[in-house]
Amino acid sequence: MRPQSTCLGDEKVPRNVARWNERNARVLAGNIHYGSTMSNADKDKNMNCWKATGVTPGTANTDFTIQHSLGRIPLTINGQDTNNGGLVYRGSIAWSKTSVTLRCTTVSATYNLILI
């Protein structure tokens, strides 16, 4: 469910504003999430985030780059998991509106991560 961007009807009528607020409250009441898969095309994804999966380089602490379509520089990695306990962290190249450079503390880690 996505929030309604505008009030339907005349905004000067209190009942219209109340209905708009009720719809937004329903959306926000536990309905904000990343989606049900690691796909960025999830129909139930309603957050501005980018999900990525892959395998890190065969050498620990080596830069690797992920392309994203956020249209802005991500703030941070919001969630991550790896198959071998590796920790994914910022690489040596500044993040941009289209890509992030990361490193991992272990070799060849299969990862899932969420950029926000």
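# Close-up views

**View 1. N61 and S108, two loop residues with positive phi.** N61 comes out as partly exposed, because its relative accessible area is 37%. The cut-offs, with a 1.4 Å probe and protein chains only, are under 20% relative accessible area for buried, over 50% for exposed, and partly exposed in between. This is a predicted model, where local features need pLDDT of at least 70 and side-chain atom pairs count only at pLDDT 80 or more, while totals for chains, interfaces and linings use all residues. Residues are numbered from 1 along each chain as its sequence is written, and side-chain values use heavy atoms, leaving out hydrogens and water. N61 sits in the loop between β1 and β2; helices (H or I, at least four residues) and strands (E, at least two) are DSSP runs numbered from the N terminus. Phi of N61 is positive, near 60 degrees, even though the residue is not glycine. S108, in the loop between β5 and β6, also isn't a glycine and has a positive phi of about 50 degrees. With 38% relative accessibility, S108 is partly exposed.

**View 2. Helix α1 and what comes after it.** The 15 residues of α1 should span 21 Å at 1.5 Å a residue, and the end C-alpha atoms are indeed 21 Å apart. That expected span is 1.5 Å times one less than the number of residues. N16, N24 and V27 are the buried residues of α1. They cover an arc of only 70 degrees around the axis, so they lie on the same side of α1; the arc is taken from the directions from the helix axis to the C-beta atoms. G30 follows α1 and has a positive phi, near 80 degrees.

**View 3. D42 in its loop.** D42 belongs to the loop between α1 (14-28) and β1 (50-55). D42 counts as buried because its relative accessibility is 13%. Its side chain makes a polar contact with the side chain of K51 at 3.1 Å. A polar contact here is a pair of N or O atoms within 3.5 Å; within protein, one must be able to donate a hydrogen and the other to accept it, and residues adjacent in sequence count only if both atoms are side-chain atoms. Leaving aside residues up to four places away in sequence, D42 touches Y34, G35, S36, T37 and K51, with contact meaning heavy atoms within 4.5 Å.

**View 4. H68, tucked into a loop.** H68 lies in the loop between β2 and β3 (77-82), and a relative accessible area of 5% is why H68 counts as buried. A polar atom of the H68 side chain lies 3.2 Å from the backbone nitrogen of L70. Beyond four places in sequence, the residues that H68 touches include W50, P74, S96 and L115. H68 and S96 are 28 residues apart in sequence, with their C-alpha atoms 9.3 Å apart.

**View 5. The aromatic pair of F64 and Y111.** The structure holds 1 aromatic pair. F64 and Y111 form this tilted pair, at 5.5 Å centre to centre and 40 degrees between the planes. Rings of Phe, Tyr and Trp (its six-membered ring) pair if their centres lie within 6.5 Å; planes under 30 degrees apart are stacked, over 60 edge-to-face, and the rest tilted. The pair links distant parts of the chain, with F64 in strand β2 and Y111 in strand β6, 47 residues apart. Both F64 and Y111 are buried.
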